[in-house]
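Reader: Hi! I'm in my first year and still learning to read protein models. Could you take one part of this one, look at it closely with me, and then connect it to the rest?

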Amino acid sequence: MNPPRTTLTGYFGKSAPLSAITHFKAEDKCVTAYHADGEIILTQTIDALEAEFGETFIVCCRGTLVAKSRVVAFSHNTATRAWSLYLDGAGPIVMSRRHRKAVLSAIPGLVRRTVNPSRMTKERYAANQSV
């Protein structure tokens with residue numbers, strides 16, 4: 001059996017250490033690995049990556065794997081009914097209701113952020129009125 005990979009290499013010779021990857025996202029028939037210095041387009045499928053790195057990454061939405069060690073918080077927006085994960089080194093990632101329970105139980109100690117859309121709307125409204 002081959003030793004586990006520690007570096008990912010994609011198209012155009014771009015590479016990054018696995019520890020720097022924040023998440024993988026499957027879009028338009030290719031998988032992109034996101035990291036602090038940019039992104040890498042990979043040749044592997046999202047299913048193959050899940051099988052290979054299932055200990056380190058978890059599915060949070062269809063076609064998206066996030067690094068368990070990079071997840072710092074989660075939130076639920078009551079207006080849009082959307083669940084989100086907040087990653088260290090990346091913006092919020094949508095989390096499906098279907099995968100929510102598995103993600104939250106696999107990553108202990110997550111902090112829940114409060115999203116109050118009505119308050120944000122009032123602030124935006126007030127800012128626009130003063131212009």
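**A charge over a ring, and what lies around it**

Author: Happy to! Let's start with Arg100, which lies over the face of Trp83, 4.6 Å from the ring centre. Please keep in mind that everything here comes from a predicted model.

To place this spot, it helps to know the overall layout. The chain has three helices and eleven strands. Read from the N terminus, the order of the elements is β-β-β-β-β-α-β-β-β-β-β-α-β-α. Helix 2 covers residues 97-106, and strand 9 covers residues 82-87.

Now look along strand 9, where you will find Ser84. Is Ser84 buried or exposed? With a relative accessibility of 15%, Ser84 counts as buried, because the cut-off for buried is under 20%. Setting aside neighbours within four places in sequence, Ser84 is in contact with Ala73, Phe74 and Ser75, and also with Pro92, Ile93, Val94 and Met95.

Follow the chain onward and you come to Asp88, in the loop between strand 9 and strand 10 (92-95). Asp88 has a relative accessible area of 46%, so this residue is partly exposed. Beyond residues up to four places away in sequence, Asp88 touches Thr22, Arg70 and Val72. There is also a distance you can check yourself: Asp88 and Ser69 are 19 residues apart in sequence, and their C-alpha atoms are 8.7 Å apart in space.

Next, let's go back to helix 2, since this helix also takes part in the largest pocket. At least two residues of the pocket lining come from helix 2, and the same holds for helix 1 (46-52), strand 6 and strand 7 (64-67). Helix 1 gives the most, with three residues. The lining includes Ile46, Asp47 and Glu50, along with Val59, Cys61, Thr64 and Leu65. Arg98 and His99 are in the lining too, as are Ala26, Arg62 and Gly63. The space in this pocket is about 150 Å³. If you wonder how such a space is found, rolling a probe the size of a water molecule over the atoms shows where empty space is left.

From the pocket we can turn to the aromatic rings. How many aromatic pairs does a search of the whole structure find? There are four. One of them joins Tyr11 and Phe12, with 6.4 Å from centre to centre and 55° between the planes, a tilted arrangement. Tyr11 is partly exposed at 43% relative accessibility, whereas Phe12 is exposed at 78%. Another pair is formed by Phe24 and Phe57: their ring centres are 4.9 Å apart and their planes meet at 50°, so this pair is tilted. This second pair links distant parts of the chain, since Phe24 is in strand 3 and Phe57 is in strand 6 (residues 57-61), 33 residues apart. Both Phe24 and Phe57 are buried. Ring pairs also bring in Phe53, so that Phe24, Phe53 and Phe57 form a cluster.

Phe24 leads us on to Thr32, a residue of strand 4. Thr32 touches Phe24, as well as His23, Lys25, Glu39, Ile40 and Ile41, when residues up to four places away in sequence are not counted. With a relative accessible area of only 6%, Thr32 is buried.

Between strand 3 (21-27) and strand 4 (30-35) is a loop that holds Asp28. Lys29 has its place in this loop as well. What is the phi of Asp28? The value is positive, about 50°, although Asp28 is not a glycine. Lys29 also has a positive phi, near 65°, and is likewise a residue other than glycine. Why point this out? Most residues other than glycine have a negative phi. Asp28 is exposed, with a relative accessible area of 75%, and Lys29 is exposed too, at 90% relative accessibility.

Finally, let's step back to the whole chain. Of its 131 residues, 37% are buried. The accessible surface comes to about 8,700 Å², and carbon and sulfur atoms account for 52% of that. Among contacts between residues at least 6 apart in sequence, 44% join residues at least 24 apart. When you return to the structure, you can begin again with Arg100 over the face of Trp83 and then follow strand 9 to Ser84.

Methods. Residues are numbered from 1 along each chain as its sequence is written. This is a predicted model: local features need pLDDT of at least 70, side-chain atom pairs count only at pLDDT 80 or more; totals for chains, interfaces and linings use all residues. Side-chain values use heavy atoms; hydrogens and water are left out. Helices (H or I, at least four residues) and strands (E, at least two) are DSSP runs, numbered from the N terminus. Buried means under 20% relative accessible area, exposed over 50%, partly exposed in between (1.4 Å probe, protein chains only). Contact means heavy atoms within 4.5 Å. Accessible areas come from the Shrake-Rupley method with a 1.4 Å probe; for residues, only the protein chains shown count as cover. Rings of Phe, Tyr and Trp (its six-membered ring) pair if their centres lie within 6.5 Å; planes under 30 degrees apart count as stacked, over 60 as edge-to-face and the rest as tilted. A charge sits over a ring if NZ of Lys or CZ of Arg is within 6 Å of the ring centre and within 35 degrees of the ring normal. On a 1 Å grid over the protein atoms alone, a cavity is a set of points where a 1.4 Å probe fits but cannot get out, and a pocket is an open set with protein on both sides within 12 Å along at least five of seven lines; lining residues have an atom within 4 Å of a point. Grid points are joined across faces, edges and corners, and a volume is the space filled by probe spheres set on the points.
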